[in-house]
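Student: I have a chain open on my screen and would like to walk through it with you. Could we take it one question at a time?

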Amino acid sequence: MKCNAIRLQKSILAVSYIYLALPVVLFFTGWCRWQFGIPLAAAVVCAVGLCLREHVRTDSPFLDTDTAVYHAGYRQWGKILLILGFVLAWTWLSGVGGYAWQNTDHPIRNQIFQLLMEETWPVVKEPDAAAGPRALIYYLGYWLPAAGIGKLCGPKAGWTAQYVWAVTGILLMYALLCLYRKKLSVWPLLVMIWFSGPDAAGMLLRSPEKFRILDTLSLDEWFGYYQFSSMTTQLFWVFNQAVPAWVLCMLVFLGEKPKNLVFVSSLAVLTSTFPFAGLVPFVLYFMVIRCVYKQTDVSKGGRQFICGKSRITGGRQFLTAEAGICLRDSVSLQNLAGTAVAAASLLYLAGNGSVEGSFPAIRSGKVMILLSGLGAAILTGIALAAGSGRIKRAAAHPYGMIKQAAAHLYRMIKQTAAHPYRKIDRAARPYGKYVWKLSAAALGILAVAVRICQISGQLHPLRYFLYLVIFYTLEAGVLLAALYPSAENKKLFALTAVWLFVIPLILIGNSSDFCMRASIPGLFLLMLWCISALEKLPQRLRNKEERRQRISICLLAALLALGVLTPLHEMTRTVVNMQHGIENQTASLESVLRGNNFSGTTEGFFWKYVANN
């Protein structure tokens, strides 16, 4: 029985890796010259095996030999069929595969999928003789397995495979959560389907005349330009980015090994580019925590890593001995392969027309302001770290402060040269925590200033900042406030809160795609925290001493109940529009090959030296 349990767990983990890696292998073998494609594809396959071996050789939060746990979830066919039914219905309503009504984002994606099935790889066509050939350059990894089936078995099989591929990803995501929780339950899946911020409150605040319960209005768009999308909205509009990102987030957040993190994350560059960018701060955080402070979630009673404590001691020694431990536990063959995968994927995506179109705006003078500001902020942090020891208040004059800072810096260098292994005198030691806070504040102010300058022609800066605060408060702030009393990992909590505020300030291209899609990992983590908090609800209701936490949980339940209206409107719109018939619409070929968001020229480095032309 124990062997069956381990075999099942290994199979789920292995299929999860294959789900993320297969599109990358198909891209390297179908889009790159054999001199590059075959070695890269072989590196991905070998890296998947090394990732599995890392989980088998060491303790893993996804593998458990406890037969009691296996018996608890074994042959619960009723729950399994119920979970499968919910996932099939949820995916069917999204319109993936063309079996239900589709939102306005689907026609362009249907045309991309049609091109991948009908044209040879890589897809290069010439829509206009005067414009020259145009190449399909997009985060198209999600469609490649289904498009391959469509090439071999026909278009109908391809559309069915696209639906099956989405269902498989969602089931894998939920199976990983069940492995981590050591139990098979249905209610966390319902939380995922109905999870959303209180968009209805935002719509009532900004456009009360438009709000109707059980209406076809998309509540996610209440703010207008910015948007944090619910899980259902992500599936119904950008399934190609969302589903692979969910599987990756489950691996990263619930205990992926540091030796695997870079490789596993690199697999999302071709499928979920913006979610990959939004996941980078979390990957860096978990690499440090899990290898330096040995907080990998495998100890008894400590499986809730995303909510568990991460006590850090001896923080000043991190830059010396602990840095070597972090480097040793992070460098691996699979992570080196992940670096190559990410580099090759980004080299391909760099030819996208929207990326190229961003450079003229940056080169028009703003680049000097941006780079100068970033350089000044970084240099300020370094200077403070080097010489901001105990500056006396008497030195109020700026020249006096600079003189004292230089004196402290000289003293530190002198002591280090004379006794390289002796601790630096406390008087000359920089206040590290204040330095990092000041540096972060400088970078944050710079980001806000740059963002306001970019939209200053459309909206007054003060009004924009007020709108941003309102948007953040309703979309994430209220949930964070309700989760704060039950959050034990305050550092991860603070990282999530800050990162979700910074994401709307980043502008790539002319739309808010980065805000909507890079926020997926942070919102996914909020959802996992909500599941963990709701799981502890009965225990906290019985404990009369935890009054503060009981109030926060009740507030959280009320916010989640209000958030249900957002996915409910998405599903209602699908059901209402299906009464007029189902049609798998495709956009025009010109809209794909002439649109900068989906194509680019063939003059870049990738198309000259790497692509299989």
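Tutor: Happily! Let's settle a term first: a residue is buried under 20% relative accessible area, exposed over 50%, and partly exposed in between. Keep in mind that this is a predicted model.

Student: With that cut-off, is K182 buried, exposed or partly exposed?
Tutor: Start with its place, which is the loop between α7 and α8. The relative accessible area of K182 is 29%. That value falls between the two limits, so K182 is partly exposed.

Student: What is the phi of K182?
Tutor: As background, most residues other than glycine have a negative phi. K182 is not a glycine, yet its phi is positive. The value is about 65°.

Student: Which residues are joined by a cis peptide bond?
Tutor: In general, most peptide bonds are trans. Here, look at the loop between α5 (106-118) and β1 (124-125), where P122 lies. Omega is about -5° at the cis bond, which joins W121 and P122.

Student: Stepping back, how many helices and strands are there in the chain?
Tutor: The chain has 613 residues, and buried ones make up 50% of them. Of the contacts between residues at least 6 apart in sequence, 80% join residues at least 24 apart. As for the elements, the count is 27 helices and three strands.

Student: At what angle do α4 and α7 pack?
Tutor: α4 covers residues 77-94 and α7 covers 155-181. Their axes are 10 Å apart, and α4 passes α7 in a right-handed crossing. The angle makes α4 oblique to α7; the value is about 135°.

Student: By class, which residues make up the contact of α4 with α7?
Tutor: On the α4 side you will find I83, L84, V87, L88, W90, T91 and W92. They meet Y163, A166, V167, I170, L171 and Y174 in α7. By class, that gives 12 nonpolar, one polar and no charged residues.

Student: How is A89 in α4 classed, buried, exposed or partly exposed?
Tutor: A89 is in helix α4, and its C-alpha atom is separated by 9.7 Å from that of V167, 78 residues away along the chain. The relative accessibility of A89 is 36%. Therefore A89 counts as partly exposed.

Student: What about α12 and α15: are they parallel or perpendicular to each other?
Tutor: Helix α12 spans residues 258-266 and helix α15 spans 333-349. Their axes come within 7 Å and cross at roughly 20°, in a left-handed crossing. Angles under 35 degrees count as roughly parallel, so α12 and α15 are roughly parallel.

Student: By class, which residues does the contact of α12 with α15 have?
Tutor: From α12 come P258, K259, N260, L261, V262, F263 and S266. Facing them in α15 are Q334, N335, A337, G338, T339, V341 and A342. Sorted by class, the contact has seven nonpolar, six polar and one charged residues.

Student: How many residues of α11 are buried?
Tutor: Helix α11 runs over residues 239-253 and reaches 20 Å from its first C-alpha to its last, close to the 21 Å expected. After α11 comes G255, with a positive phi near 130°. The helix is mostly covered, and its buried residues number 15 of 15.

Student: What covers the buried residues of α8?
Tutor: In helix α8 (residues 187-194), the buried residues include P188, L189, V191, M192 and I193. Their cover comes from several elements along the chain. Included are α4, α7, α10 (231-237), α11, α22 (520-535) and α25 (565-578).

Student: With which residues is T574 in contact, leaving aside its neighbours within four places in sequence?
Tutor: T574 is found in helix α25. At 0% relative accessibility, T574 counts as buried. Its contacts beyond those neighbours are L93, A100, W101 and F236.

Student: Finally, what distance separates the C-alpha atoms of L537 and C554?
Tutor: L537 belongs to helix α23 (residues 537-542). L537 is partly exposed, with a relative accessible area of 21%. L537 and C554 are 17 residues apart along the chain, and the separation of their C-alpha atoms is 8.7 Å.

Methods
Residues are numbered from 1 along each chain as its sequence is written. This is a predicted model: local features need pLDDT of at least 70, side-chain atom pairs count only at pLDDT 80 or more; totals for chains, interfaces and linings use all residues. Side-chain values use heavy atoms; hydrogens and water are left out. Helices (H or I, at least four residues) and strands (E, at least two) are DSSP runs, numbered from the N terminus. The expected span of a helix is 1.5 Å times one less than its number of residues. Buried means under 20% relative accessible area, exposed over 50%, partly exposed in between (1.4 Å probe, protein chains only). Axes are lines fitted to C-alpha atoms, for helices over the stretch in contact, and angles run from 0 to 180 degrees between N-to-C directions. Angles under 35 degrees count as roughly parallel, over 145 as roughly antiparallel, 65 to 115 as roughly perpendicular and the rest as oblique. A crossing is left-handed if the near helix is turned anticlockwise from the far one by less than a right angle, and right-handed if clockwise. Contact means heavy atoms within 4.5 Å. Ala, Val, Leu, Ile, Met, Phe, Trp, Tyr, Cys and Pro count as nonpolar, Asp, Glu, Lys and Arg as charged, and the others, Gly among them, as polar.
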